[in-house]
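Q: Take a close look at one part for me: the nonpolar packing. Start at the chain's beginning, then work inward.

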Amino acid sequence: DVANPRALALYRRQGFTVEGRIPDASLIDGAWHDHYWMSKPLTAAPEPRWTPVDLRPPVDRTPIGPVTIRAIEPGDAALVRTWERMILSDGPFYVKQVHEQASIARIEKEIAESARNPRHFLRGAFAGEPGGERLVGHAGAWLEPWSRSRHDGFVAVSVLREGSGLGIGSRLWAEIEAWARAQGARRLSGAVQAHNVRGLAFAEAAGFRREALARNYVVIDGRSADRVRLGKVLR
């Protein structure tokens, strides 16, 4: 908490530095408080670093046809797993690797649990007709459970490279933000790897601002990358 100078001094004495400031991170006794985001490197990063990657849509992509935005249901688990495998192979931006995917049964259970939680929201972009659909985009929002941060939600929107630049991400985002506002959320948080040029551009076009930079947050294919924490205050 920025209003806690003793804690800030303690962390700084231990070698932590401020990576950014999170506006309206908590509500305490009717007052909004900002938080500092801090870190301490324990070792020097031995890996080379990623330079910016602007992963544009494929030039020769096949038309994907009409896209329907709807809730993701437990019966979509196999489609979700196929989509996840494709997007993890799409570009060097994701923390999870293909071999770390959950089983279809586990994904089905997670979708069902999320559907029962009123503070979770999942939407998918489906191409094709019922019975022959495939998932080309995925979006989710998860509002914090704690009383002092229930106004904040973590959001994620991802679209397959073959579907990028077609407005699918914007359609998914519109549903996420409308739901969050209806829930009374004050702010939304997200994260994008710093070398993901198009991901950062999408987030900033949606009204997010960069709040913190976690250096050497992840190692992808033998190269280290920073992670940008983003936030958007809704009201």
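A: Helices here are DSSP runs of H or I with at least four residues, strands are E runs of at least two, and both are numbered from the N terminus. The model is predicted, with local features needing pLDDT of at least 70 and side-chain atom pairs pLDDT 80 or more, while totals for chains, interfaces and linings use all residues. Residues are numbered from 1 along each chain, and side-chain values use heavy atoms, without hydrogens or water.

Arg6 sits in helix α1 (residues 5-13). Arg6 counts as exposed because its relative accessibility is 73% (exposed is over 50%, buried under 20%, partly exposed in between; 1.4 Å probe, protein chains only). From Arg6 to Ala25 is 19 residues in sequence and 19 Å between C-alpha atoms.

Now inward. The largest nonpolar core (buried Ala, Val, Leu, Ile, Met, Phe, Trp, Tyr and Cys joined through side-chain atoms within 4.5 Å) holds 39 residues, and Val67 and Phe208 touch the most other members. Helix α4 (residues 168-182) gives this core the most, six residues. Leaving out residues up to four places away in sequence, Val67 contacts (heavy atoms within 4.5 Å) Ala125, Phe126, Ala127, Val136, Ile168 and Arg171.

A second core is separate: six residues, among them Trp50, Val53, Ile220 and Ala225. Follow Ile220. Its bridge partner in β9 is Arg223. Strands β8 (residues 209-220) and β9 (residues 223-233) run antiparallel, joined by eight bridges (pairing takes at least two by DSSP). Two residues lie between the strands of this hairpin, and Asp221 takes a positive phi near 50° there.
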